[in-house]
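Q: I am new to reading protein models and would love a close look at one part of this one. Could you walk me through it step by step?

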Amino acid sequence: MIVASKNDVVELEGSLIHPYWESVQTALLISLRNHPSGDIVDCGQITEITEEGAHTFELANDFV
């Protein structure tokens with residue numbers, strides 16, 4: 001899984017087979033410092049997802 005931040009977009013790329021919430025959260029928190037009105041999470045490059053990986057979005061929902 002690659003997590004990249006560009007401007008106000010956090011991009012997820014690759015296989016989401018584990019809960020990568022800590023990595024996604026870090027990218028969001030850094031990006032939100034420069035874009036406090038909000039960020040976009042782009043999941044268009046996720047090539048595979050498992051139930052365990054989908055747990056990342058449950059944790060993200062709890063964060064929001």
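With which side chain does the side chain of S31 make a polar contact? Please also show me the helix around it.

A: Happy to! Please keep in mind that this is a predicted model. The side chain of S31 makes its polar contact with the side chain of D39, at 3.0 Å. Setting aside residues up to four places away in sequence, S31 touches S5, N7, D8 and D39. S31 is buried, because its relative accessible area is 3% and buried means under 20%.

Now let us step back to the helix. S31 lies in helix α1, which runs over residues 21-34 and has 14 residues. From its first C-alpha to its last, α1 reaches 20 Å, close to the 20 Å expected at 1.5 Å a residue.

S31 has company on the inside: W21, V24, A27 and L28 are also among the buried residues of α1. If you look down the axis of α1, its buried residues fall within an arc of 130°, so they line one face of the helix. Turn to the face pointing away from that buried side, and you meet the exposed residues E22 and R33. What covers the buried residues of α1 includes the strands β1 (2-6), β2 (9-16) and β3 (40-49), along with the helix α2 (51-63).

Let us follow that last neighbour, starting from W21. A search of the whole structure finds 1 aromatic pair. W21 and F63 form this pair, which is tilted, with 5.3 Å from centre to centre and 55° between the planes. Because W21 lies in helix α1 and F63 in helix α2, the pair ties together parts that are 42 residues apart in sequence. The two partners are placed differently with respect to the surface: W21 counts as buried at 9% relative accessibility, whereas F63 is partly exposed, with a relative accessible area of 38%.

Helix α2 offers another link to α1 through T56, which lies in α2. Leaving aside neighbours within four places in sequence, T56 is in contact with L16, H18, P19, Y20, W21 and V24; of these, W21 and V24 are buried residues of α1. T56 itself is buried, with a relative accessible area of 1%. Its side chain also reaches the backbone oxygen of G53, at 2.9 Å.

To retrace the path, you began at S31 and its contact with D39, followed the buried face of α1, and crossed to α2 through the pair of W21 and F63.

Definitions and conventions. Residues are numbered from 1 along each chain as its sequence is written. This is a predicted model: local features need pLDDT of at least 70, side-chain atom pairs count only at pLDDT 80 or more; totals for chains, interfaces and linings use all residues. Side-chain values use heavy atoms; hydrogens and water are left out. Helices (H or I, at least four residues) and strands (E, at least two) are DSSP runs, numbered from the N terminus. The expected span of a helix is 1.5 Å times one less than its number of residues. Buried means under 20% relative accessible area, exposed over 50%, partly exposed in between (1.4 Å probe, protein chains only). The arc is that of the directions from the helix axis to the C-beta atoms. Contact means heavy atoms within 4.5 Å. Rings of Phe, Tyr and Trp (its six-membered ring) pair if their centres lie within 6.5 Å; planes under 30 degrees apart count as stacked, over 60 as edge-to-face and the rest as tilted. A polar contact is a pair of N or O atoms within 3.5 Å; within protein, one must be able to donate a hydrogen and the other to accept it, and residues adjacent in sequence count only if both atoms are side-chain atoms.
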